[in-house]
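Subject: Structure handover

Hello,

Here is the structure for your set. Please open it alongside the notes that follow.

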Amino acid sequence: MYDIIVVGGGPAGLTAALYALRAGKTVLVIEKSTFGGQITWSPKVENYPAIPSVSGTELGDKLMAQAQAQGAEFELDEVVSVELDGDIKRVKTDFGASFEARALIIAVGAKPRAIGLEREAELIGNGVCFCAVCDGAFYKNRPVAVYGGGNSALQDAMLLSDSCSKVYLIHRRYSFRGEAKLVEALRKRDNVEFVLESTISALHGDGELTGITVADKSGESRDIAVDGLFVAIGHAPDNGVFSQFMELDEAGYAASDERCLTKTQGVFVAGDCRAKRVRQLTTAVADGSSAALAACSYIDNL
Ligand code: NAP
């Protein structure tokens, strides 16, 4: 049995592991896809204090190496069911393993939100993408569109404009939610066209994306030929498996107190899957440390 199981190996989960290990606890981190989490999709992180610029992949690798050096154990597997009522928390995984701990920290993050258009599902991987870092290279010297107005969309557009022939940045508003500095840098790029106050209303292509239809706020439509569409319209939390043991808000984010404690004793939540106002790398690692210290104190008082 472990002292703490952390579900999710992104910045929140790995920081939680680090703090718990340094408090002398044993820790297992279970991650279903990529250790480092969503941040590994960021080509450049330039808003993490004391690190002027770092790639998301490098940051993710370092977070993992740091937790590993402190003695963290890792499992690449998906948690598919949990028993969290009693003093011993049990999780079962997709590969059929089961693990026990005295406390659980849920740091499962959020998954990219789809647009919800007809044929979107069949075009995912055939022109419709959610990660410019992962898939951008396939569109070298080809025209692409990026959809969204947050930091992910702006960063994707920056990265893609380095190698794609043309980048249409499509956003439903005139002003951006993402950083003004990124918007300014994009405006200076010759191959970036801003398509503002507009939404994507249709996807075209038979088996592979060949273009999109964009409607502006006056209702006028325009077809744009693109080989790739990078969707960056935010994320939805991934709390499903744990929902019975947490209070979820209407969008599915988990409520918790300042210690990151959920409604279930010994079960804590950290990072983007937690209900809060600001979802940043800095707030994810802050949650990780709060959740870990609260979990340690909970275990010490069992
Ligand atoms: P976000 O900040 O939530 O932005 C989502 C964007 O998509 C918004 O502009 C939103 O428009 C738009 N949108 C949402 N639903 C839509 C829909 N149905 N149709 C069309 N547009 C839609 O998401 P994000 O960019 O993925 O970023 C998530 C968090 O991670 C943010 O806090 C962000 O700052 C952070 N982040 C940080 C870094 C870093 O370098 N540290 C990198 C990437 C992301 P409205 O503005 O109109 O609502």
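One definition before the strands: two strands pair if DSSP finds at least two bridges between them. Please also keep in mind that this is a predicted model.

**Overall fold**

The chain holds 7 helices and 17 strands. Its radius of gyration is 21 Å, close to the 19 Å from the globule rule for 302 residues, so the chain is as compact as a globular protein of that length. Along the principal axes, the C-alpha atoms fill a box of roughly 65 × 40 × 30 Å. Of the 302 residues, 50% are buried. Take the contacts with a separation of 6 or more: 59% of them link residues 24 or more positions apart. The accessible surface is about 14400 Å². Carbon and sulfur atoms contribute 47% of that surface.

**Strand β6 and its partners**

Start with β6, residues 98-106. Strand β1 (residues 2-7) pairs with β6 in the parallel sense, over 5 bridges. Within that pairing, Tyr2 has Ala101 of β6 as its bridge partner.

Strand β5, residues 89-93, also pairs with β6. Here the sense is antiparallel, with 4 bridges. Lys92 stands opposite Ser98 of β6. The two strands form a hairpin with 4 residues between them. Gly96 in this hairpin takes a positive phi near 90°, so check that residue when you look at the backbone torsions. 

β6 also runs parallel to β17, and 3 bridges join these strands. Ile106 has Val269 in β17 as its bridge partner.

**Asp272**

Next, a residue in the loop that follows β17. Asp272 is found between β17 (267-269) and α7 (281-300). Is Asp272 paired in a salt bridge or left without one? Asp272 is buried yet has no salt bridge. Lys276 is the nearest side chain of opposite charge, and it is 4.7 Å away. A salt bridge needs a side-chain nitrogen of Lys or Arg within 4 Å of a carboxyl oxygen, so a distance of 4.7 Å does not qualify.

Which residues does Asp272 touch, leaving out those up to four places away in sequence? They are Gln38, Gly109, Ala110, Tyr253 and Arg279.

That covers the fold, the β6 pairings and Asp272.

Best wishes

Terms used: Residues are numbered from 1 along each chain as its sequence is written. This is a predicted model: local features need pLDDT of at least 70, side-chain atom pairs count only at pLDDT 80 or more; totals for chains, interfaces and linings use all residues. Side-chain values use heavy atoms; hydrogens and water are left out. Buried means under 20% relative accessible area, exposed over 50%, partly exposed in between (1.4 Å probe, protein chains only). Lys and Arg count as positive and Asp and Glu as negative; His and the chain ends are not counted. Contact means heavy atoms within 4.5 Å. The radius of gyration is taken over C-alpha atoms; the globule rule is 2.2 Å times the number of residues to the power 0.38. Accessible areas come from the Shrake-Rupley method with a 1.4 Å probe; for residues, only the protein chains shown count as cover.
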